[in-house]
Amino acid sequence: MMSETVPKLRTCLLAIRKFSTAPPKVPVESRQLAFPPKYQKPRQAWLENFDTIEEKKLGIIDLHPEIFAANPRIDIIQENVRWQSLYRYVSYAHTKSRFEVRGGGRKPWPQKGLGRARHGSIRSPLFRGGGVIHGPKSPTPHFYMLPYYSRVHGLTSTLSVKLAQDDLHIIMNLEIPTDEPNFIEELVRSRNWGPSVLFVDDVDIMPRNITAATDKIKHFNLMPVYGLNVYSMLKHDTLVLTRAAVDLLELKLLTSLHKNDVKPCAEKFKLNQV
Amino acid sequence: MTTMRPLLFTIFTKTKPFQCLRKTSLHQIRNSSYESSKFLVDVEVSTKYEATKIPEEWKYVERILPPTLVPEPQPLPEYQSGWKPQGDHKDSPYFVERSRNHMMPVYLDVRQRGVKRHTIIKKIQGDIWLFEKDLRTFLEDLIKPKPLRLQVNEFARKICINGDHVNAIKYWLGEKNF
């Protein structure tokens, strides 16, 4: 019964569509995904314009579920944030031991006969103004390297979280008609992109207008794909990726997830210098 | 470098019609790496060599280079090693993804110097609780009359089972074409 009516309905609908006054359907961007997903369906996102203040949907693009619909591991995200804040932190807290504090070489009073406790130095840790036992020494670096795949999964988790929370937008390119900051401020306000926005492009040489417009606004930041990191994604309310940035980001993350030889990146961190 | 790399790049270049619109006279330079820095002196190569740009010859060079990405397995009627490729599970309620090297993600975890043995199944997608139910019926028959100790980690998408059941679970997954 159903098998007969469904094709009939479909042809009927197609015939009616010709007379419809509704705007034509949004074209779906054909985007062939590398490493086609075996189970998960591709995530879809709107492709928006960036040259006018009012939002125009230019189409829907498919996103790879391995990158944009990964398991949101908040523990891995936390590891990444901790690593990013610690690897560049150097503690300058410093204390002096009993041998570094000035003086204290002479025995303060004789060992016996005075009825006082025996002491060998006035800089002993028992004394006021004496040295500190096991105190902090400067400089103490807190550098460590997070395992390679923790870093990769941190990025995929954060991107998935951002997309799931509707905080990720994809635009054609970063070309705007004017270098006035008002334009970009009004655009962000009208599209409800939140106070802070991170714009990501594929290369680090960006169009002149966007760089001039966002130069003075401290909560609008520009970043190339190679600089994208977990901390910045979480710090900004909205992540705006260009179409080219999405392609490059997917290429980079998928190649690291499907790498043949993982030994060089899994081994102990070595500084890239002689 | 072999078949996958050019394929991947062609796919991505096909999907990038907007990049060619970019008119940049400047080039992106990253000086963060040691390799990107210039030599202090001109390094002379004493070995005589001949540079060629014929693609026919480059084909033989590519053949020697190791693959950078894990290639997709070629479909064969029968595999000598007993390894089987994963079947199609698009409409299944749950799915166990293969590892990067197309192996089943079932691992043995030996703790306390061999005193404790745990089997861990990773990369479970979809309904993990339904998967646990099906696995439980299989394993309970297997280890009768002992009680089955099994822990589902829904957050990390893992299942941990007390005891060494790696081969049994791999066989069971193979039967279900995972």
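These are my notes on a sheet of chain B and the helices that lie across it, taken from a predicted model.

Entry 1, the sheet. I looked up the strand order in chain B and found an open sheet of four strands, 2-3-6-5, with antiparallel pairing. Strand 2 and strand 5 (150-153) of chain B are at the edges; each has a single partner strand, so one side of each has no neighbour in the sheet. From one strand to the next, the twist averages 20 degrees.

Entry 2, the edge at strand 5. I checked how strand 5 of chain B pairs with strand 6 of chain B, and the pairing is antiparallel over four bridges. I noted that Asn153(B) stands opposite Lys158(B), which is in strand 6 of chain B.

Entry 3, the helices on the sheet. I took helix 3 of chain B and found that it lies across strand 3, strand 5 and strand 6 of chain B, at about 165 degrees to strand 5 of chain B. I then took helix 4 of chain B, which lies across strand 2, strand 3 and strand 6 of chain B and runs at about 165 degrees to strand 2 of chain B.

Entry 4, the buried residues of helix 4. Which residues of helix 4 (residues 166-175) of chain B are buried? I listed Val166(B), Ile169(B), Trp172(B), Leu173(B) and Gly174(B). An α-helix has 3.6 residues a turn, so residues three or four places apart point the same way. I looked up what covers the buried residues of helix 4 of chain B, and the cover includes strand 1 (94-96), strand 2 (106-111), strand 3 (116-121), helix 3 (128-142) and strand 6 (158-162) of chain B.

Entry 5, past the helix. I found a positive phi of about 65 degrees at Asn177(B), just after helix 4 of chain B.

Technical notes: Residues numbered from 1 in each chain as written. Chains lettered and ligands numbered in written order. Predicted model: local features only at pLDDT ≥ 70, side-chain atom pairs only at ≥ 80, totals over all residues. Heavy atoms only, no water. Buried < 20%, exposed > 50% of the residue type's maximum accessible area, 1.4 Å probe, protein only. Contact = heavy atoms within 4.5 Å. Pairing = 2+ DSSP bridges. Axes fitted to C-alpha atoms, helices over the stretch in contact; angles between N-to-C directions.
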